[in-house]
Amino acid sequence: MSSHSVQPPTAGTSRRPAPRLDDNSLSEWPERIFAKLHEADIRQVTYVPDSGHARLIQLCHADPTLKTTVLTTEEEGIGILSGAWLGGERGVLLMQSSGVGNCINTLSLATVCGFPLLMLVTMRGEWGEFNPWQVPMGQITASALRLCGVIVHEVTTAELAAPTVEAAGRIAFNSNRAVAVLLSQQMLGTKLFKD
């Protein structure tokens, strides 16, 4: 399997080759974001496996100070993080843009109850997308989140990823707001299913 693939700790290996990313994705942004999550005192990381977040997820799993939770669907992360906040811990939800649609109803929990929610979203359906099923949600992700009352920061270059996550964390945890950082497909690189 590619070093960019992510599996839940108990999952078996796949028969299909893991997706690879083109050379534009080979940067240090996951390490920089990981450092900013530590600085923000993040203790819980919830995620649906995603190759765009693969390196960041690996870093989180390797850190014994973090509790990582693999989700079956993205909206579960909102409930887990609300409970973490009530228990005195900060967390982050990692997901792909296609998962934002699954969260629409549950985002009201953060808005109505006034707890902070930090989301890092890898984008699909934009730059050079090969899968037509990813395009509809990818094109409306930012708008859908804003309509739900989420503060949205869009990142198109690797250099801005970590500072944007830092700024988003400050807003989320200092004002008890839902904030999403959208990591552009242009920054991540286009998924290619090739050897």
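**A walk from Ser184 to Met187**

Ser184 is buried, its relative accessible area being 8%. That number comes from a predicted model, and Ser184 makes a handy starting point for a tour. Since buried means under 20% relative accessible area, Ser184 with its 8% falls in that class. Along the chain, Ser184 sits in the loop that links strand E7 (178–183) to helix H8 (185–188).

What does Ser184 touch once its neighbours within four places in sequence are set aside? Its contacts are then Met123, Glu126, Val155 and Thr156. If you have the model open, try selecting these residues together with Ser184 to view the contacts in place.

Now step along to helix H8, where you will find Met187. Is Met187 buried or exposed? Met187 is buried, because its relative accessible area is 4% and the cut-off for buried is under 20%. A distance also helps to place this residue: the C-alpha atoms of Met187 and Ala161 lie 9.1 Å apart, while 26 residues separate the pair in sequence.

With these two residues in mind, we can turn to the whole protein chain. It has eight helices and eight strands. Of its 195 residues, 50% are buried, and Ser184 and Met187 are among them. How are the contacts spread along the sequence? Taking contacts between residues at least 6 apart in sequence, 75% join residues at least 24 apart.

Finally, the outside: the accessible surface of the protein chain amounts to about 9,300 Å². Carbon and sulfur atoms account for 53% of that surface.

Key. Residues numbered from 1 in each chain as written. Predicted model: local features only at pLDDT ≥ 70, side-chain atom pairs only at ≥ 80, totals over all residues. Heavy atoms only, no water. Helix = DSSP H or I, 4+ residues; strand = E, 2+ residues; numbered from the N terminus. Buried < 20%, exposed > 50% of the residue type's maximum accessible area, 1.4 Å probe, protein only. Contact = heavy atoms within 4.5 Å. Areas by Shrake-Rupley, 256 points an atom, 1.4 Å probe, with all protein chains shown as cover.
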